[in-house]
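Biologist: Please take a close look at how the two domains of one chain meet in this predicted model. Then set that part in its surroundings.

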Amino acid sequence: MILDNILLGLTSVLSGYNLLAVAAGTGLGLFVGAMPGLSATMAIAILLPVTFVFKPETGISMLASIYMGAMYGGSIAAILIRTPGTPAAAATILDGYPMAQRGEAGRALGISLTASFVGGIISSLFLLTVAPVLGGIAVMFGPVELFAVAVLGMTIIGSLSQGSAIKGLLAGSLGLLFSTVGMDSVTGIPRFTLGNINLFSGIPFTVALIGLFSIPQAIRLIEKEESLVERVNLITDRILLPWREIRPLIPTFIRSSLIGVFTGIIPGTGGDTACWFAYNEAKRASDDKESFGKGSPYGIAAPEAANNAVVGGALIPTISLGIPGSSSTAILLGGLMIHGIMPGPTLMTEYAGVTYTLLWAIFLSNFFMFAEGILFTKACIFVTRISNKVLSVAIVVLCVIGSFAINNNFFEVGLMFGFGILGYFMDKLKIPVAPLVVGLILGRMLDVSLHQSLLMSQGSWMIFLENPISAVLLFIALFSLIQSTPIYGRWRASRRKKSGEAR
Amino acid sequence: MGYLVQHVLFAVFTVGLGLYFFIKAFFMPSTAAHFPTIIASLVFILTASMVVEALRKVRRGSGVPISKAPEEKILVPRVVSYVALTAVYIFLIPRIGYFVATPIFMIISYSYLRALGTFKILLVSICFSIFIYFLFVWFLKLPIPMGLLEPFFES
Amino acid sequence: MRKSRWIVGILVLLVCVMAGQAAFAEYPTKQITVLQGFKAGGGSDTLAQLTQPFLEKAIGQSFINQYIPGATGAIAWTQLAKTAKKDGYTLSITNTPMLQTNYIMNPEITYNISELEPIANVVTDPGIIVVAKDSPYKTVEDFLKAAKENPGKLTVGNSGVGGDDFFTTLIFEKASGLKFQMIPFEGDGPSWQAAMGGKIDASFNNLGITYPQIKAGNLRALAVFTENRYELIPDVPTAKELGYNVVSGSSRGYSAPKGIPAETRDTLIAAFKKMAEMPEFVKACNDRASIIDMKFGDDYAKMLKEQEAAFKIIWDEVKEQYQGKK
């Protein structure tokens, strides 16, 4: 039965229109993803109306390909102009931009493209083979487990902050503080909104993200005399990587892809979280931690493989249960409903034709992404040839219009600019901005799930330890936190010393 | 500005922010106040640690230089004017509309930064404004405020 | 003299022609903008996509949706009430109970329904109580018995404070004298998912939203808050049958700002009436398990007013418990 459906989907996707939709969707995704400030979610949301005219399977396949394409597209801007094209590419900046600065922009983009391809393929295979089985996991995550997931996410901050851990943690807590702005979901009262209804639903993190990353970058481009500012000039090297370059990266590809798939499956977490998880793990597993943040190929491969792997992962609960695994798939689900398909377990049975076409479309979009990536990325050279001053003003205009377009709201443009100024000063003090974003993303989840759990347990905190999944996750979080503190470093150093002496 | 002064200024900002959240939360029902209070306290502790860390660094290194070489100096007036220009631009778009504000902002910024020759400035500013318009309005179907020119763009 | 007479003549003619054109060119002559208080793909958008193809046929003009999400719709509705032109070219999709509870619960939100001109309600998604398929509560009697024996212990989810399920639970508590431990979630989805995963004992939710899961056997419906049993789920009793007079749900319709021309209002209402009679529309609604509940003009306004009064009373009773004394 399942096999029949899989074959049915394959023949359907290979029909002319559907192939064209996948190719076009991937290209559109690449393009929109590369634009700073336009996230994959936005790309799907804004292109949703374009697909109304198509048949359901064609339209949905196109939307899913946009998602896949945007995930790679985001890294182009991250690598070339130090601005994440999508939130999921935020971690790619850390190593992608330094590598591009060294004149290896092509290599950086090549690693990113290959990683995205591998991540996408692995997650597509997961999706195709185990979607019906794995879907069950999503229901296992209630408030208690989600709280533990959020805590685990927060411990990432320790390893994100290069230099001073204190500064990283401070930025992280500022993010958490900002995340409490808005209507409290437990009591329904607006908190810290200054009486402004534009803040009732909280600080939209896409807006904060555009401000924090793009505005400081625009200012940095003009703050010094042109000749002194390093910038990525040309993609002089090849994007298509030789095998000897790819081979050492394979373990990172696979590890990060698996992280991406599983982060995607968990509802409410998407590429924006997965890229940091994967970056952190790659750094932890590496023997050469020093090279991270200075253009390490592993630092590019990890987040890029993970954020594309999220696509398949996030679609697993979306398709098998109708529970969106990320904000992008939530919109995809909305797209299904607009095409008259009810999300839920019936997707696999009643709408098998559409669903299995979608599964194959995801798989195929990877190949289109790789091919189009090779062609399209070269065309991006023109972005980097423009002088910094010209680029800076263009970035400002794009940020302003982009942040307006998200919610049609001018207040948010001001908010974006405010975060931009804050980001600039933080940058000058060498306080990392990324933990602030992580705090902003996870803060709401922490707050809400904490209260829900305490309501469920009648106020007892033991509920987090009594629940096996949350207990395990919290234990991992504790271990990860200890590992990032100086105490662990000293302990390891002394152990190494001892073992060295013994030898 | 010295290394320490910079950190103290930022500390004033974070403590002020934390205080706002802390005091506001004080007047909220306990369930809503719970989480922000914890986080605000965390911000206070970390701010204090940051200042202590900065103080130690200054003592040890007897004043860490911010800019190592003189040629890397940041052009403060330029940064301030540019930020001010952007603020005015953001303020003006909803009032006079995208198609008036954007080219003017771009032309003034480019002229001020001496980015290009006069002709190129005009060309780039106008072409880019039109490009963004087509990208958002035609291709992505997103709205852009038209302001004064609204009557001309109604279908 | 003669020259000036000519000029006057031409002017008069011109004025006549223009006035005539204005009189002949009846509303609507251009696209109608629909403000949406929620994100694309949400429930409000689903209604827009469901109705607009048919409305376009009925009224002869196209619709464009403008998404202004935030503050559970309040940003869009404030814009509709305060700044939108009163010419009938700006409408909004109005969802109850958020439309009223927004300003009942938050003094910072300044619009209210007296500033709106309700055009038509389109769908109402009735409230429902659902539990997981392996829940120990096989029937609503089991559930109510357990609630009576453990007051304030049974955990029931809702879609968020101020949402329809929140108020349904409160109304039901009041009618039955029972007490639940209410757990607010961020939306209907997380609430039924938690019930399905056995994280909470039950979820107060909506029929249209949970129907696919009920049909697939993953959720079990215990009771529905409608006047009569619903044909999709004939075995599920209504709260009324059980002796609790609770009828509740979330409704979605269209409203204009107060003060649009009377003819424009009539044209719009006529278009909705026409749409309601189209068999394709009825079929499209049934396909999506959307429950048509057409109420036009004054009837819709009356419904909104009655709900407003009911929500006010309930909120005043529980306000202190949620927001503390002010």
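Modeller: In chain C, 14 residues of domain 1 are in contact with 13 residues of domain 2. The side of domain 1 of chain C that touches domain 2 of chain C draws at least two residues from each of α4 (98-105), β4 and α11 (297-323) of chain C. α11(C) gives the most to that side, with four residues. By residue class, that side of domain 1 of chain C holds ten nonpolar, four polar and no charged residues.

The bounds come from a domain assignment. Domain 1 of chain C covers 32-124 + 250-323, and domain 2 of chain C covers 125-224. Taken over C-alpha atoms, the centres of the two domains of chain C are separated by 26 Å.

Next, a helix with residue numbers inside domain 2: α8 (residues 207-216) of chain C. Is this helix enclosed or open? Eight of the ten residues of α8(C) are buried, so the helix is largely enclosed by the rest of the structure. The buried residues are Leu207(C), Gly208(C), Ile209(C), Thr210(C), Tyr211(C), Pro212(C), Gln213(C) and Ile214(C). They pack against β4 (116-132), α7 (188-196), β7 (202-206) and β8 (219-224) of chain C. β4(C) therefore appears in both settings: it supplies at least two residues to the domain 1 side, and the buried residues of α8(C) pack against it, the helix being enclosed so because eight of its ten residues are buried. Just after α8(C), Gly217(C) takes a positive phi of about 85°.

How far can chain C be trusted? Its mean pLDDT is 85, and 90% of its residues reach 70 or more. Among the elements of chain C, β8(C) has the highest mean pLDDT, 94, and helix α1 (residues 2-24) of chain C the lowest, 55. Over residues 19-24 of chain C, pLDDT stays under 50, and the model has zero contacts there beyond four places in sequence. Where pLDDT is low, the predicted coordinates should not be read in detail. For the complex, the predictor gives an ipTM of 0.90 and a pTM of 0.74.

Chain C also enters the largest nonpolar core. This core has 284 residues, and Val130(C) and Ala195(C) are among those that touch the most other members, along with Tyr67(A), Ala278(A), Ala306(A), Ile362(A) and Val437(A). Helix α5 (residues 92-134) of chain A brings the largest share, 17 residues. Ala278(A) touches Ser256(A), Ile259(A), Gly260(A), Ala302(A), Pro303(A), Ala305(A) and Ala306(A), not counting residues up to four places away in sequence.

Now the contact between chains A and B. It takes 45 residues from chain A and 52 residues from chain B. On the chain A side, the elements that give two or more residues are α8 (165-179), α9 (205-223), α17 (388-407), α18 (410-428) and α19 (434-456) of chain A. α17(A) gives the most, with ten residues. That side divides into 30 nonpolar, eight polar and seven charged residues.

One residue of chain B is worth a look here. Gly18(B) lies in helix α1 (residues 3-26) of chain B. Gly18(B) counts as buried because it has 23 C-beta neighbours inside 10 Å. Leaving aside neighbours within four places in sequence, Gly18(B) is in contact with Leu177(A), Ala40(B), Val43(B) and Phe44(B). Gly18(B) and Val43(B) are 25 residues apart in sequence, and 6.5 Å apart in space, C-alpha to C-alpha.

Key:
Residues numbered from 1 in each chain as written. Chains lettered and ligands numbered in written order. Predicted model: local features only at pLDDT ≥ 70, side-chain atom pairs only at ≥ 80, totals over all residues. Contact = placed C-beta atoms within 7 Å. Nonpolar A, V, L, I, M, F, W, Y, C, P; charged D, E, K, R; others polar. Core = buried A, V, L, I, M, F, W, Y, C linked by C-beta atoms within 7 Å. Buried ≥ 20, exposed ≤ 12 C-beta atoms within 10 Å, placed from the backbone. Domains from an automatic or database assignment. pLDDT = per-residue confidence, 0-100.
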